[in-house]
Amino acid sequence: MSLLPRNRNAHPPAYAPGYKSSVPRSPSKALISGVATASEQTGPMFGHEVLGERDNNLILNFTGQPAIGERIIVHGRVLDEYRRPVPGALLEIWQANAGGRYRHKKDSYLAPLDPNFGGCGRTITGEDGSYEFLTIRPGAYPWPNGPNDWRPMHIHFSVFGHSFGQRLITQMYFEGDPLIARCPIVNTIPDKSVVDRLVAPLDMTRALPLDCLAYKFDIVLRGQRQTMFENKPEGM
Amino acid sequence: MVQPLDYLEESPSQTAGPYVHIGCTPNFVGIEGIYDQDLGLAPFPDDAPGERITVTGTVYDGTGTALRDVLIETWQAGADGTFGPGAQGWCRMPSDLETGEFVLNTVKPGATGKQAPHISLWIVARGINIGLQTRMYFEGDDHSADPLLNRLEHQNRRGTLIARDTGNGTYRFDIRLQGEGETVFLDL
């Protein structure tokens, strides 16, 4: 088994000056590429015992009283590049509240904190790679970058596959948000068709009548190649 | 025409942003009561075999400023050179919110095959668009057969991947994102 190489052209480059924070934090020398070794082919696996009952319910998991906002289900599957489901994948999400404010001492935006919204959740994918969260739609908010830059509504996703080389953090955006195309962080991705893979469509088949809307967000991790002709990677 | 190769492509990365701690170490930033404890507080149980070591370091940006909002994850073999089971060998470290220093208390990994003992690191923060992979080897070990260190074209950068032995099982490993002494980052 070996990990497919990462297509760096389908990711943002380290240096993306439209996103000013990347300017001093981007390596200027080329990455050293090589074949994944045991250190990248293996990775931590988490059992369901780490999860609490309400970990994937951001509406209730902070105080037990409901958070304010538009109720939504966010669901989807974690797959690899060969379309195989990735079961047992730990997903951690975090987001602003309905007014666009994070529960963080460095966030001083005008919108108030919601006393019943913490802003994080986690779950582990099932045998078919599927997952589900119940949350509220996060608000858009302004941020210091250009003179008037706004983040579109988004949810941060941290994803573990089965190997440390698959480790990924990304963000989910919402279908139809006019701020997506204007966002300097979104625009660190050079290819606009690649951005589309981070935009979750409204999914009325999973919306619950008189309860909540739903959005579908699939996540793809690096493929694990399996062939009887595989060369033994150096160092294994 | 040919049959389409109907494979998928990895989802594109986006920065972890300034509030990565809310999602990954909420207790560390005062969001308590959702999770009993943050994940990855220690890579091994206290009774795991091997030499106990402490690695301390700081991540610096291109201006020489310490990152105080960085999150580092490590993954390593145990003292016997094997990985796991479960999440054993994995640790998650937010840097100190005031100083930017991170501290890893772990066991010294064994060699894996031809690879000299090393710990893999994955670094995310605001301004980092895709998680940075690097490795920490240890001063004093025999690195002469390590395939990764030997393939570096610029051998004068090798030292950026080697933690300095500061005595009594302690090591120092600073990471420079850009400019003079820039750490070697990997694409494995």
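**Exercise 1. Strand E5 of chain A**

Task: Find out which residues lie on each side of E5(A), and decide whether they are buried or exposed.

Solution. Start with the two faces of the strand. Cys120(A), Arg122(A) and Ile124(A) sit on one side of E5(A), while Gly121(A) and Thr123(A) sit on the other, and all of them are buried. Keep in mind as you work that this is a predicted model. Next, take the strand as a whole: E5(A) spans residues 120-124, and because five of its five residues are buried, the strand is largely enclosed by the rest of the structure. Now look for the neighbour. Strand E4 of chain A, residues 90-94, runs antiparallel to E5(A) and is joined to it by five bridges. To see one of these pairings on screen, pick Leu91(A), whose bridge partner in E5(A) is Thr123(A).

**Exercise 2. The sheet around it**

Task: Work out the order of the strands in the open sheet of chain A, and which strands stand at its edges.

Solution. Walk across the sheet: its five strands come in the order E5-E4-E9-E10-E11, with mixed pairing. The edges belong to E5 and E11 (199-200) of chain A; each has a single partner strand, so one side of each is left without a neighbour in the sheet. As a reminder, strands of a sheet pair through backbone hydrogen bonds, either parallel or antiparallel. At the E11(A) end, the pairing with E10(A) is parallel and uses two bridges. There you can find Tyr173(A) opposite Val199(A) of E11(A).

**Exercise 3. Nonpolar cores**

Task: Identify the residues with the most contacts inside the largest nonpolar core, and the strand that gives the largest share of this core.

Solution. The largest core holds 64 residues, and the ones with the most contacts inside it are Val78(A), Trp94(A), Phe157(A), Met172(A), Phe217(A), Ile219(A) and Val20(B). The largest share, five residues, comes from strand E10 (residues 168-174) of chain A. A separate core of 24 residues lies apart from this one, and Val70(B), Cys91(B), Phe102(B) and Phe138(B) are among its members.

Now zoom in on Val20(B). Setting aside neighbours within four places in sequence, Val20(B) touches residues in chain A, namely Trp94(A) and Ile169(A). In chain B, its contacts under the same condition are Thr25(B), Asp69(B), Leu71(B) and Val124(B).

**Exercise 4. Strand E2 of chain B**

Task: Determine how E2(B) pairs with E3(B) and with E5(B).

Solution. First check burial. E2(B) covers residues 71-76, and six of its six residues are buried, so the strand is largely enclosed by the rest of the structure. Leu71(B), Glu73(B) and Trp75(B) point one way, and Ile72(B), Thr74(B) and Gln76(B) point the other. Then take the partners in turn. E3(B), residues 90-94, pairs with E2(B) in the antiparallel sense over five bridges, and Thr74(B) stands opposite Cys91(B) there. E5(B) is also antiparallel to E2(B), over six bridges, with Trp122(B) as the bridge partner of Glu73(B).

**Exercise 5. Cavities and pockets**

Task: Describe the largest cavity and the largest pocket by volume and by the residues that line them.

Solution. Begin with the cavities: there are four of 30 Å³ or more, and the largest has a volume of about 70 Å³. Its lining includes Glu40(A) and Phe164(A) from chain A, along with Trp122(B) and Arg135(B) from chain B. By class, this lining divides into five nonpolar, four polar and two charged residues.

Move on to the largest pocket, with a volume of about 570 Å³. It is lined by 30 residues, and those closest to its centre are Trp143(A), Pro144(A), Pro18(B), Tyr19(B) and Arg126(B). E7(A) gives the most to this lining, with three residues.

**Exercise 6. Two residues of chain B**

Task: Classify Gln3(B) and Asn27(B) as buried or exposed.

Solution. Gln3(B) lies in the segment before helix H1 (20-24) of chain B. Its relative accessibility is 72%, and the cut-off for exposed is over 50%, so Gln3(B) counts as exposed. Asn27(B), in the loop between H1 and strand E1 (52-60) of chain B, has a relative accessible area of 18%; buried means under 20%, so Asn27(B) is buried. Leaving aside neighbours within four places in sequence, the contacts of Asn27(B) include Glu32(B), Tyr35(B) and Asp38(B).

Conventions
Residues are numbered from 1 along each chain as its sequence is written. Chains are lettered from A and ligands numbered from 1 in the order in which they are written. This is a predicted model: local features need pLDDT of at least 70, side-chain atom pairs count only at pLDDT 80 or more; totals for chains, interfaces and linings use all residues. Side-chain values use heavy atoms; hydrogens and water are left out. Buried means under 20% relative accessible area, exposed over 50%, partly exposed in between (1.4 Å probe, protein chains only). Helices (H or I, at least four residues) and strands (E, at least two) are DSSP runs, numbered from the N terminus. Two strands pair if DSSP finds at least two bridges between them. A nonpolar core is a set of buried Ala, Val, Leu, Ile, Met, Phe, Trp, Tyr and Cys residues joined through side-chain atoms within 4.5 Å. Contact means heavy atoms within 4.5 Å. On a 1 Å grid over the protein atoms alone, a cavity is a set of points where a 1.4 Å probe fits but cannot get out, and a pocket is an open set with protein on both sides within 12 Å along at least five of seven lines; lining residues have an atom within 4 Å of a point. Grid points are joined across faces, edges and corners, and a volume is the space filled by probe spheres set on the points. Ala, Val, Leu, Ile, Met, Phe, Trp, Tyr, Cys and Pro count as nonpolar, Asp, Glu, Lys and Arg as charged, and the others, Gly among them, as polar.
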